[in-house]
Every structure is written in C-alpha cells, then in structure tokens.
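Biologist: Please take one part of this model and go through it closely, strand by strand. After that, set it against the rest of the chain.

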Amino acid sequence: MLSEKGGADGGHPPEHAPRFAERAPDALNNPQLRRNFRRAMDGLMAKRAAQFPDPAYWAELRERGAAVKARALAKLPDLLERLEARLTTNGVQVHWAETTEEANAIVLGILQRAGARTVIKGKSMVSEEMHLNAHLERHGIEAVESDLGEYIIQLAGETPSHIVMPCIHKNKDEISDLFAEKIPGLERTGDVDELTAAARRVLRERFAQADAGISGVNFAVAETGTLVLIENEGNGRLSTTMPPLHIAVTGIEKVVELLDDIPPLLALLPRSATGQPITTYVNMISGPRKKGEMGKAGEKDGPTAVHLVLLDAGRSRVYQDVELADTLRCIRCAACMNHCPVYTRVGGHTYNAIYPGPIGKILTPQLQGLDAAGDQPHASTLCNACAEVCPVKIPIPDLLVRLRREAVRPTETPATHLPVVKDGGAERSWNEALVWAGWRLVYTRPLLYRMVTRALAWGGNWVPAGAPLMRDWTTARTKPRFKPRTLHDLARERGYPNRLELDEVPK
Ligand code: SF4
C-alpha cells in the first residue's frame with residue numbers, strides 16, 4: 001500500500017553541502033574531467049543514435065514504453081499489493097520501507113538473523129540512495145561492490161557520477177593508478193584486459209565467500225512475481241544466485257503489470273542506455289531455490305531465501321501530484337544525462353546527489369525537498385534534449401519549470417497545484433525578485449527598453465569580468481562582448497516593421 005505520509009529523504013546530501021553553482025566551476029576548470037566526459041558521452045550518443053535509425057520505429061516503441069509505465073502508475077497501489085501476494089506465493093519475503101532508514105534497518109535485520117558477515121552487491125542505485133554500504137559497515141558487515149564500475153569507485157572512496165556507468169569520470173590511467181595502489185600484489189598496468197582480469201580475480205573470491213547477495217531490480221512484474229534484472233558482466237547473476245541469501249532492494253515505482261510489458265521496456269532500456277540491442281544478461285528471478293517434492297529432486301542452485309525490500313522514500317508524495325508523477329515513469333536508462341549539455345560538461349559529482357543530470361534535477365528536489373535541492377531545477381538550459389531522448393516520454397523540461405515555480409513561489413501565495421513538493425518557496429530570494437520586477441518594468445515600456453539596451457550596448461564592455469553580476473558567468477567562460485548596435489537597429493536597417501513603435505507590446 002502507498003504510504004500516506006510519503007516517506008522521506010531519498011538520500012540527503014550532507015548539511016551545508018556546496019550547491020550546484022558553487023561546485024560547477026571546479027568541474028568546468030578541470031580539463032581532464034571534461035575530456036573524460038566529452039569522449040564518453042560522444043560515444044554513448046552515437047551508439048544510441050545507431051540503435052534507433054528509423055524515427056517511426058523509435059516513436060512507436062517509446063509510445064509503447066511510456067504506455068506500459070503510465071498504466072502501471074495508474075494502478076500502482078493495486079499492482080504493489082498484487083506483486084506482494086504473488087511474490088509471497090513464490091516464496092519471496094516482501095518488506096515495506098517508508099524511509100531509507102527503515103530500509104537499512106530491514107536489510108541489516110535480515111543479514112544479522114542469517115549471521116551474515118560479508119555481502120556481495122550487484123549494482124543498485126536505490127542502495128546508493130540508502131547509503132547502505134556505510135550503514136552495514138557501521139554494524140560490522142562488509143559489503144563489496146561487484147559491478148566493475150561500482151567496484152572502482154568503492155576502491156576510490158567515491159560516489160557514482162553516472163547512474164549506468166558509475167566511474168565514467170575516470171580514464172584508464174586513473175584506474176591503473178588506483179588498482180596498483182589498492183589491489184595487493186598488482187603491478188601498475190595500462191592494459192585494460194589485465195585490469196579487468198585483476199578485478200575479476202578479486203571479485204570471484206568474494207562471490208565464493210559471501211554470506212549474502214544484494215541487488216537492485218529493473219522491473220518487478222505483478223502478474224508473475226518476477227524480478228527482472230539486466231546487466232552485462234554476469235555479476236548480477238552471481239550476486240543473486242551464488243550466496244545462500246539474496247536481498248533485492250527497489251523503489252515502489254519499478255512495478256509493472258504484466259510479463260508482456262517487459263519486452264518493449266527491454267527493447268528501450270539497453271539501447272537508450274549503452275547503445276546495445278540487449279544486455280548480455282537478463283535475469284528473471286521468481287523465488288528461492290525449489291526444494292524437492294514427492295520423490296522429485298530439488299533445484300541444485302540459487303539462494304535458499306529471497307527477500308524484496310520495497311522503498312518509498314518520498315515516492316508516494318511524488319505520486320500524489322498528477323503532473324510530477326510522470327517522474328516515476330523513469331526506467332533509469334541515463335539517456336537524458338548522456339545528451340544533457342550541462343551534465344556532459346560538469347559530470348555527475350557536481351550535482352552532489354544520488355541521481356545526477358536531468359532525471360536527478362527533477363527527482364532529487366521531489367524526494368529531498370526544495371530546501372535541500374531547490375537549486376537543481378535551475379541547472380538546466382531547458383534545451384529539451386533530455387525529453388527528446390527519454391524512452392518513456394517524461395516531459396523533463398516541463399517538470400523543471402514546474403519545480404522552478406514551486407521553488408520561488410512566494411510562500412504566502414497558494415500553490416496552483418497540490419503542494420506535494422516539500423519546502424515550496426525555498427529558493428525565493430528578494431534580490432532575484434527585484435531583478436525580475438526591474439526586467440518586467442523595462443520589457444513592458446518600449447522607450448525604457450530602448451534606453452536600457454542602448455546603455456548596455458555602449459557601456460557593457462566596460463564592466464570588468466570580475467564584477468559581481470559578471471562573475472558567475474566569467475569564472476569558467478570568456479566574458480561576452482556586447483555589440484555596439486542592437487538587434488532592433490539591424491532589423492530597422494533591413495526594413496522590418498518595428499512592433500515596439502506600433503505599441504503592440506502587451507502591458
Ligand atoms: S528520465 Fe527518461 S531518459 Fe532519463 S533516465 Fe529516466 S527514462 Fe532514461
């Protein structure tokens with residue numbers, strides 16, 4: 001059942017953490033980071049484009065994907081109950097967590113009851129949201145990431161900078177240095193195959209020793225009680241089948257109604273994410289290892305116990321708003337961030353959030369509240385690239401504008417929509433309100449407008465790059481030069497009618 005309170009948090013950043021605008025200059029002034037991202041994102045964009053050469057096919061497929069997710073959301077409370085009932089019949093134990101703290105406590109409790117000391121983990125953004133590894137470590141349980149990208153950032157003590165390729169900000173040389181420092185007995189090597197083999201050697205041992213495996217879930221099918229998990233390295237399959245205990249953690253929005261809903265989503269997700277027609281592994285988990293019955297032999301492998309933790313952490317609150325609920329259609333393909341002109345220049349760490357890029361800019365403020373993340377919706381050019389590539393048609397720019405409105409809404413003004421976003425008005429600043437009031441004054445008075453633009457054209461170039469109003473722009477960019485003649489001058493020269501003089505500007 002969906003929570004009335006809607007849970008909380010969604011993985012808060014530390015208090016007083018620098019905001020996006022304060023962190024961005026570091027990334028913009030780091031040429032190595034920018035090269036790493038540029039190269040990786042150009043490659044991903046080209047690979048995705050090659051997967052959808054026919055616009056009609058792409059339009060039809062994403063229509064189906066969006067419809068599947070929209071139908072699932074329309075029936076979400078019912079589907080979650082059906083999922084629980086079906087999984088329980090299959091022998092999976094289902095747990096509900098309203099907050100990330102509750103989810104951590106549930107996972108820890110399961111592990112402690114099983115006497116587990118070491119855990120091997122498949123990739124899971126929800127577990128990042130929960131800060132699960134740190135929680136387990138505080139209670140004496142070692143969690144080792146087995147996805148190669150996650151393993152690398154765990155060794156580096158960092159957080160993921162991308163939701164599909166967590167260590168995309170690092171290049172081969174940086175990984176070589178890291179492995180040589182952290183993997184005992186490994187000589188520094190620049191050979192990618194040797195690096196991969198070294199990680200495989202370490203991780204194979206960890207798979208064999210682990211008392212439990214923890215994974216995420218891409219889709220949970222209510223009809224059959226099936227947990228679908230896609231991956232390329234086989235680590236997801238090993239994490240969910242080798243240890244005697246498997247715990248899956250996922251957000252409540254991952255449920256879909258039918259097994260038949262999976263093929264269109266599988267046709268969209270890997271193509272949008274990595275430009276692959278399909279991932280190397282598609283795992284469909286329907287329960288623990290079956291025991292032998294009535295003289296028949298039981299299954300020989302698989303965990304003897306499977307648990308699913310369904311996390312709310314603010315999602316029910318998002319769900320209550322007709323407009324913002326579209327956010328929950330996300331299938332975490334990352335295509336929006338791969339195509340975002342902001343993300344591709346500053347990388348994921350600048351957002352200081354679990355979910356960076358366009359999806360993070362709409363999801364994080366809704367999960368954590370505008371007080372904590374109200375600056376995120378402003379870190380966008382609203383160029384629409386994210387909406388064009390989103391395989392489930394989430395109108396990201398519309399939602400960014402909605403959240404911007406919520407963030408600067410005067411607190412005394414009643415919300416035009418259901419006020420489900422926490423901390424409405426959290427980003428409101430009197431200075432900014434004054435600037436906009438001035439802007440409105442100038443733009444609605446033609447004579448004043450002409451005088452101001454002329455003054456800017458004449459005097460703008462004298463303003464030093466480090467002046468207060470310029471500084472935010474010039475920290476990482478060249479100062480723009482104002483042209484001596486305005487657009488209106490040029491238009492007049494070419495004989496275009498001057499609508500300002502016709503006084504057609506609405507007041
Ligand atoms: S918002 Fe769309 S493009 Fe971005 S991660 Fe989610 S599904 Fe993919």
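**The sheet around β6**

Modeller: Strands β5 and β6 make a hairpin, with four residues between them, and glycine 225 in the turn has a positive phi of about 70°. The model is a predicted one, and that applies to each value below.

Within this hairpin, β5 covers residues 219-221 and runs antiparallel to β6, the two being joined by three bridges. One of the pairs is phenylalanine 219 with valine 228, its bridge partner in β6. On β6 there is a second antiparallel pairing, with strand β9 (residues 281-285), and this pairing has five bridges. Valine 228 takes part here too, standing opposite methionine 284 in β9. Leucine 229 faces asparagine 283 of β9.

The sheet as a whole is open and has four strands, in the order β8-β5-β6-β9, with mixed pairing. β8 and β9 are the edge strands, each of them paired on one side only. As background, strands in a sheet pair through backbone hydrogen bonds, in either a parallel or an antiparallel sense.

Strand β6 spans residues 226-231, and six of its six residues are buried. The burial applies to both faces: Thr226, Val228 and Ile230 are buried on one side, and Leu227, Leu229 and Glu231 on the other.

The edge strand β8 leads on to a salt bridge. Arginine 71 and glutamate 257 meet through their side chains, at 2.8 Å from N to O. Glutamate 257 lies in the loop between β8 (255-256) and α12 (262-274), and arginine 71 in helix α3 (residues 55-74), so this pair ties together parts that are 186 residues apart in sequence. The two partners can be described by their accessibility: arginine 71 is partly exposed, with a relative accessible area of 29%, while glutamate 257 counts as buried at 9%.

A search of the whole structure gives 24 salt bridges. Another of them joins the side chains of arginine 19 and glutamate 427, at 2.7 Å from N to O. Arginine 19 belongs to the segment before α1 (20-28) and glutamate 427 to the loop between α19 (396-408) and α20 (430-443), so the contact ties together parts 408 residues apart in sequence. Arginine 19 has a relative accessible area of 28% and is partly exposed; glutamate 427, at 18%, is buried.

A further salt bridge has both partners in one helix. Glutamate 406 and arginine 402 have their closest N and O atoms 2.8 Å apart. Both residues lie in helix α19, four residues apart, or about one turn of the helix. Both are buried. Salt bridges with shared partners also join Arg71, Lys75, Asp78, Arg82, Glu257 and Asp261 into one network, and the pair described after the sheet, arginine 71 with glutamate 257, has both its residues in that network.

Strand β7 (residues 245-251) contains histidine 246. This residue counts as buried, at 0% relative accessibility. The side chain of histidine 246 is joined to that of serine 215 by a polar contact of 2.8 Å.

The turn glycine at the start was one case of a positive phi. Most residues other than glycine have a negative phi. Alanine 313, although not a glycine, has a positive phi of about 45°. Alanine 313 is in the loop between β10 (305-311) and α13 (315-319), and is buried with a relative accessible area of 0%. Asparagine 384 is also not a glycine, and has a positive phi of about 80°. The loop that holds asparagine 384 is between α17 (370-373) and α18 (385-389). Asparagine 384 is partly exposed, with a relative accessible area of 31%.

The ligand has its own surroundings, made up of Cys330, Ile331, Arg332, Cys333, Ala334, Cys336, Ile359, Cys390, Pro391, Val392, Ile394 and Ile396. By class, this shell holds 11 nonpolar residues, no polar residues and one charged residue.

At the level of the chain, the domain assignment gives domain 1 as 1-170 + 211-426 and domain 2 as 430-504. The C-alpha centres of these two domains are 43 Å apart.

Notes. Residues are numbered from 1 along each chain as its sequence is written. Side-chain values use heavy atoms; hydrogens and water are left out. Domain bounds come from an automatic or database domain assignment. A residue is near a molecule or strand if one of its heavy atoms lies within 4 Å of it. Ala, Val, Leu, Ile, Met, Phe, Trp, Tyr, Cys and Pro count as nonpolar, Asp, Glu, Lys and Arg as charged, and the others, Gly among them, as polar. Buried means under 20% relative accessible area, exposed over 50%, partly exposed in between (1.4 Å probe, protein chains only). Two strands pair if DSSP finds at least two bridges between them. A salt bridge is a side-chain nitrogen of Lys or Arg within 4 Å of a carboxyl oxygen of Asp or Glu. A polar contact is a pair of N or O atoms within 3.5 Å; within protein, one must be able to donate a hydrogen and the other to accept it, and residues adjacent in sequence count only if both atoms are side-chain atoms.
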